[in-house]
Amino acid sequence: MKKNRAMQNTRERLSLADISPVWHYRLYEHSIPLPFSLTWLKWYFELKVASKCVVGEAYKYDSSYLVECSRCDNFGWKFMIYFTLRSRSKLEKNKNAFLVHWTNEHLGIC
Ligand SMILES: [Zn+2]
């Protein structure tokens, strides 16, 4: 147990700020804007566009993942849904699951 924790600490942990810095700032270092405010609407419509959403930013504003990785597509939708619901806890869970998936499947490729 102790050894595992030590190993985890030495391994560099990926953060959303590393792969999607704009969305990291918007969703995790910012309070979620009030529904239907100008900022909320702007972000909401960007979250609906595959190349502009959280996952799209990680792909350098490319929507190719729609055909290449259904799990990434799924994470993208969840970011949009949880933003709409203003659920901090679900946004956090989705971010963590996305980072694990990204580390295991896409790190070093994009
Ligand atoms: Zn993926």
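## Helix packing in an all-helix model

In this predicted model, helix α7 passes helix α8 in a left-handed crossing. The axes of these two helices come within 9 Å and cross at roughly 165°. An angle over 145° counts as roughly antiparallel, so α7 is roughly antiparallel to α8. On the α7 side, the residues that meet α8 are R71, F75, K78, F79, Y82, F83 and L85. Their partners in α8 are K90, L91, N94, F98 and H101. Sorted by type, the residues of this contact divide into 7 nonpolar, 2 polar and 3 charged.

Helix α7 also packs against α4. Helix α4 covers residues 38–48, and α7 covers residues 70–85. The angle between them is about 155°, with the axes 9 Å apart. Because of that angle, α4 is roughly antiparallel to α7. The crossing of α4 and α7 is left-handed. Here W43, Y44, L47 and K48 in α4 meet F79, M80, F83 and T84 in α7. The residues of this contact divide into 6 nonpolar, 1 polar and 1 charged. F79 and F83 of α7 appear in the contact with α4, and F79 and F83 are also listed in the contact with α8.

The table sets out the two helix pairs.

| Helix pair | Angle | Axis distance |
|---|---|---|
| α4 and α7 | about 155° | 9 Å apart |
| α7 and α8 | roughly 165° | within 9 Å |

These helices belong to a protein chain with 8 helices and 0 strands. From the N terminus on, the elements run α-α-α-α-α-α-α-α. The chain has 110 residues, of which 24% count as buried. Among contacts between residues at least 6 apart in sequence, 47% join residues at least 24 apart.

One of the buried residues is L99, which is found in helix α8, residues 88–105. Why does L99 count as buried? The reason is that L99 has 20 C-beta neighbours inside 10 Å, and a residue with 20 or more is buried. Leaving aside residues up to four places away in sequence, L99 touches L14 and L16. L99 and I19 are 80 residues apart in sequence, yet their C-alpha atoms are 9.2 Å apart in space.

Two loop residues have backbone angles worth noting. Most residues other than glycine have a negative phi. F36 is not a glycine, but its phi is positive, about 70°. F36 lies in the loop between α3 (21–28) and α4. Is F36 buried or exposed? F36 counts as exposed because it has 8 C-beta neighbours inside 10 Å, and 12 or fewer is the cut-off for that class.

K60 also has a positive phi, near 60°, and is a residue other than glycine. The place of K60 is in the loop between α5 (54–58) and α6 (65–68). With 10 other C-beta atoms within 10 Å, K60 is exposed.

A last point concerns confidence. The mean pLDDT of the protein chain is 90, and 87% of its residues reach 70 or more. Over residues 1–10, however, the pLDDT is below 50. Beyond near neighbours in sequence, this stretch has 0 contacts in the model. Where pLDDT is low, the predicted coordinates should not be read in detail.

Definitions and conventions: Residues numbered from 1 in each chain as written. Predicted model: local features only at pLDDT ≥ 70, side-chain atom pairs only at ≥ 80, totals over all residues. pLDDT = per-residue confidence, 0-100. Contact = placed C-beta atoms within 7 Å. Axes fitted to C-alpha atoms, helices over the stretch in contact; angles between N-to-C directions. Helix = DSSP H or I, 4+ residues; strand = E, 2+ residues; numbered from the N terminus. Parallel < 35°, antiparallel > 145°, perpendicular 65-115°, else oblique. Left-handed = near helix turned anticlockwise from the far one by under 90°. Nonpolar A, V, L, I, M, F, W, Y, C, P; charged D, E, K, R; others polar.
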